[in-house]
Each structure stands twice: as structure tokens, then as C-alpha cells.
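With the structure open in your viewer, please follow the stops below in order, making each selection before reading on.

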Amino acid sequence: MAYHPTHERSPFIDSHLKAVLERRGVELLGISLIGLSVLIGMTVWSYSPEDPSWLSATDAPLQNLLGVTGASIAAPFMLVLGWSSWTFAALSAVWGLRCIIHIGAERALWRLVFAPFAIALLALYCASFVPPAIWTHSFGMGGLFGDTILRQVLLLMPFTDRTNVLLTSLVTGVSFVAMLLFCLGFTRHELGRALRFLFMGVIMTYAHLMNVLGQGT
């Protein structure tokens, strides 16, 4: 019986081309996330309580940059979360950038699981401040969620009202920064490099300024 060697069929897409396609797909996802971040930022930044939405029917001129759709999306988010809605834009922008430059994008899923905690901390932090005159809502800048949690926290604290609010603001502010950095995928190595870069930038700027002032003198 004659033996006919069988040649292994080459794959339609080799491993190198597959890796290139995967990288381009991740980069496309990053561009989409940055675009989403821009849209979220436009929606929140141009939010106006006078805009017509499913929460309010009014004939006032529309101010949201994304029209009725943007106003309808911004209204419930501002009602519930207040200015902590900006966290969505930050998360989308940073992870989009990570996908484009291929640094730490693989950490997205298990880091973003903790994103609700960062949003809640910012809502509580914003709720601890006195709203400015332009804030015309009956609730604080952390939305109804921030006000509700803040009231419960203050009831459990033993100090005076002013001290309780100041302490809550400090703790939630620091906790939010730490949690946000974690949710954005930063590691100790990346934070160390960023701090060294900032430190060297300050030193170089100071040295250049002193050089310019010395020449001027």
C-alpha cells in the first residue's frame, strides 16, 4: 500500500497577521472610547436644568451640545450622581488612551469592576460642599445619591456638624483619588515614573526660570 504524505494545510490567517489585526482592533476600541469620553464631557459640561428632558417639560431654548438626546441623558445622571458623572468621561478617556498606546489595557476588566466605588466616593465628596449660586437644584452637587449617603454618614459620626463634614470631605477626597487611580489601571511603577517626571519637570522649569532671570539681571 503506497503511503502518500499529507501536507499540513497552512492557516488562512497566520499568527503574525492575527496579532496585527488584534492590535488594530484594540486601537480602534481605544479611539471609540476617547470619542465616547468627548461626548460624555460635552453632555455633562453643557447640562442645564432648564433643558427639556423626560424629567422636565419646558419651552426654554436647548443648551445641551448634544441636543435633546444629550439633555435626556444628562438629566437623570445629574439628578442621581451630580458632578460625579464626570468620572465616566475620565474612565473612558484613560482606558481609550491605554488601548491606543497598548499599555495596561489588559487590566481593564478587573480594574473597572471597582469603578462604582470611585463614582460613589466622588458623589459623597461633592455632596459635602455648599453648592454655588449657579447650582439651582434642591439637592447637592453629589446628586440625590450623595446627599442620601452623606446624611447617613453624618448621623454615625460623633463630632460637631462642621467637623463631621470637613472630616468626611477629607477622607472621601483622598479615598476617591486612590480608588480612581486604581480603576484607571495605574500601578506603583507607573505612578513612580509619573512622579519622577513631574519632579524633574518642576526642577528643570525652576532652573530655566532662574537662568532667564539671571540673564535679564
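Begin with the lining of the second largest pocket, whose residues divide into 10 nonpolar, 2 polar and 1 charged; this is a predicted model, which should be kept in mind at every stop. The second largest pocket has a volume of about 230 Å³. To centre the view, select Leu29, Leu33, Cys99, Ala105 and Ala108, which are the closest to the pocket centre of the 13 residues that line the second largest pocket. Then colour helix 1 (15-45), helix 3 and helix 4 (108-112), each of which supplies at least two residues of this lining. Which helix gives the largest share of the lining of the second largest pocket? That share, 4 residues, comes from helix 3.

Keep helix 3, residues 86-101, on display and add helix 8 (188-216), since the next stop is the largest pocket, to whose lining each of these two helices supplies at least two residues. The volume of the largest pocket is about 300 Å³. Select Val94, Leu97, Arg98, Ile101, Ile103, Phe186, His189, Glu190, Arg193 and Ala194, and you have the residues that line the largest pocket. By class, this lining holds 6 nonpolar, 1 polar and 3 charged residues.

Next, show helix 7 (residues 161-183) together with helix 3, and look along the place where their axes come within 10 Å and cross at roughly 35°. On the side of helix 3, the contact is made by Thr87, Leu91 and Trp95, while helix 7 contributes Phe176, Leu180 and Cys183. Sorted by class, the contact of helix 3 with helix 7 has 5 nonpolar residues, 1 polar residue and no charged ones.

For the last stop, move to serine 85, which is found in the loop between helix 2 (67-81) and helix 3. Is serine 85 buried or exposed? Its relative accessible area is 2%, and because the cut-off for a buried residue is under 20%, serine 85 counts as buried. Showing its neighbours, and leaving aside residues up to four places away in sequence, you will find that serine 85 touches Ile40, Val44, Phe77 and Met78. Two polar contacts of the serine 85 side chain can be drawn as distances: the side chain reaches the backbone oxygen of glycine 82 at 2.9 Å, and the backbone oxygen of phenylalanine 77 at 3.5 Å. Finally, a distance between the C-alpha atoms of serine 85 and alanine 74, which lie 11 residues apart along the chain, should read 8.7 Å.

Methods
Residues are numbered from 1 along each chain as its sequence is written. This is a predicted model: local features need pLDDT of at least 70, side-chain atom pairs count only at pLDDT 80 or more; totals for chains, interfaces and linings use all residues. Side-chain values use heavy atoms; hydrogens and water are left out. On a 1 Å grid over the protein atoms alone, a cavity is a set of points where a 1.4 Å probe fits but cannot get out, and a pocket is an open set with protein on both sides within 12 Å along at least five of seven lines; lining residues have an atom within 4 Å of a point. Grid points are joined across faces, edges and corners, and a volume is the space filled by probe spheres set on the points. Ala, Val, Leu, Ile, Met, Phe, Trp, Tyr, Cys and Pro count as nonpolar, Asp, Glu, Lys and Arg as charged, and the others, Gly among them, as polar. Axes are lines fitted to C-alpha atoms, for helices over the stretch in contact, and angles run from 0 to 180 degrees between N-to-C directions. Contact means heavy atoms within 4.5 Å. Buried means under 20% relative accessible area, exposed over 50%, partly exposed in between (1.4 Å probe, protein chains only). A polar contact is a pair of N or O atoms within 3.5 Å; within protein, one must be able to donate a hydrogen and the other to accept it, and residues adjacent in sequence count only if both atoms are side-chain atoms.
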